[in-house]
Amino acid sequence: MVFFPNHGNVGDHLITAATLHFFARIGTSVVSTFVEAEFCVLGGGGSLGTLYEPWMRWRDVAMHEAQAAGVPCVILPQSLTGGTTDVPPGTIIFARDHISYERIPGSILAPDMALAIMVDRTLLPEPLSPIGTYLRDDVEKHAVSAELPA
């Protein structure tokens with residue numbers, strides 16, 4: 001398969017790492033050209049829709065190149081962040097939340113690929129506090145998918 005990961009933020013990097021671990025566990029080979037590929041797989045995350053329009057345009061180009069080569073596309077668990085999505089016929093879309101699942105016709109509800117990461121928890125340090133603080137400085141810091149326009 002040809003794999004197109006998202007690299008928008010640190011969460012996308014975690015999703016990509018978990019996805020590559022998953023591919024390795026199931027013995028899937030990632031190739032670099034559509035000539036060698038059985039599938040075009042687009043990474044999961046929260047960039048499906050109009051909130052991250054450059055990523056959507058990039059995804060559209062990849063999907064249409066795959067379609068022209070006769071390679072079917074799969075979009076790993078994504079959130080629809082505003083607007084709608086227009087994908088080539090036969091594209092399999094996994095939605096990672098109920099709102100996106102309801103808004104994307106024919107999608108399949110599935111957990112975020114970040115949950116597939118295999119971490120030896122015995123190697124992690126003990127938390128310093130029972131509370132975590134996550135600071136963002138991007139367009140999602142104020143957006144909640146339920147509040148985004150359809």
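Two strands pair if DSSP finds at least two bridges between them. With that in hand, the predicted model can be explored strand by strand and helix by helix. In this model, β2 and β4 pair in the parallel sense, with three bridges between them. One place to see the pairing is L42, which stands opposite I75 in β4.

Stepping back gives the overall plan. The protein contains three helices and six strands. Followed along the sequence, these elements appear in the order β-α-β-β-α-β-β-α-β. Of the 150 residues in the protein, 37% are buried. The contacts tell a story about how the chain comes together: among those with a separation of 6 or more, 66% are between residues 24 or more positions apart.

Strand β4 (73-80) is a good place to begin a tour. Is it enclosed by the rest of the structure, or open? Eight of its eight residues are buried, so β4 is largely enclosed by the rest of the structure. Besides β2, this strand has further partners. With β5 (92-95), β4 pairs in the parallel sense over three bridges, and V74 has I92 in β5 as its bridge partner. β3 also runs parallel to β4, and two bridges join them. Here the bridge partner of L48 is L80. The route between these two strands goes from β3 through α2 to β4, and this β-α-β crossover is right-handed. Another bridge to β4 starts from G45, whose partner is Q78.

The helix on that route deserves a closer look. Helix α2 covers residues 53-68, which makes 16 residues. From its first C-alpha to its last, α2 reaches 22 Å, close to the 22 Å expected at 1.5 Å a residue. The buried residues of α2 are M56, R59, A62, M63 and A66. Seen down the axis of α2, these buried residues fall within an arc of 125°, so they line one face of the helix. A general rule helps in picturing this: an α-helix has 3.6 residues a turn, so residues three or four places apart point the same way. What does the buried side of α2 pack against? Its buried residues pack against β1 (2-4), β2 (40-42), β3 (45-48) and β4. The face turned away from that buried side carries P54 and A68, which are exposed. After the helix comes G70, with a positive phi near 75°.

Helix α1 can be read in a similar way. It spans residues 10-25. With 16 residues, α1 reaches 23 Å from its first C-alpha to its last, close to the 22 Å expected at 1.5 Å a residue. The N-terminal end of α1 is capped by N9, which has a side-chain oxygen 2.8 Å from the backbone nitrogen of G11. Inside the helix, D12, I15, T16, A18, T19 and F23 are buried. The buried residues of α1 pack against β1, β2, β3 and β4. Following α1 is G27, whose phi is positive, near 75°.

G11, the residue met at the cap of α1, also shows how distant parts of the chain can meet. Its relative accessibility is 30%, and it therefore counts as partly exposed. G11 and G45 are 34 residues apart along the chain, yet their C-alpha atoms are separated by 7.8 Å. G45 is the residue whose bridge partner in β4 is Q78.

The tour ends in a loop. T91 is found between β4 and β5. Is T91 buried or exposed? Buried means under 20% relative accessible area. T91 has a relative accessible area of 15%, and therefore it is buried. What does T91 touch, leaving aside residues up to four places away in sequence? Its contacts are M63, C73 and I75. Of these, M63 is one of the buried residues of α2, while I75 is the residue of β4 that stands opposite L42. T91 also has a polar neighbour: a polar atom of its side chain lies 2.7 Å from the backbone oxygen of P88.

Note on methods
Residues are numbered from 1 along each chain as its sequence is written. This is a predicted model: local features need pLDDT of at least 70, side-chain atom pairs count only at pLDDT 80 or more; totals for chains, interfaces and linings use all residues. Side-chain values use heavy atoms; hydrogens and water are left out. Helices (H or I, at least four residues) and strands (E, at least two) are DSSP runs, numbered from the N terminus. Buried means under 20% relative accessible area, exposed over 50%, partly exposed in between (1.4 Å probe, protein chains only). A polar contact is a pair of N or O atoms within 3.5 Å; within protein, one must be able to donate a hydrogen and the other to accept it, and residues adjacent in sequence count only if both atoms are side-chain atoms. Contact means heavy atoms within 4.5 Å. The expected span of a helix is 1.5 Å times one less than its number of residues. The arc is that of the directions from the helix axis to the C-beta atoms. A crossover is right-handed if, with the strands pointing away from the viewer, the path from the first strand over the helix to the second runs clockwise.
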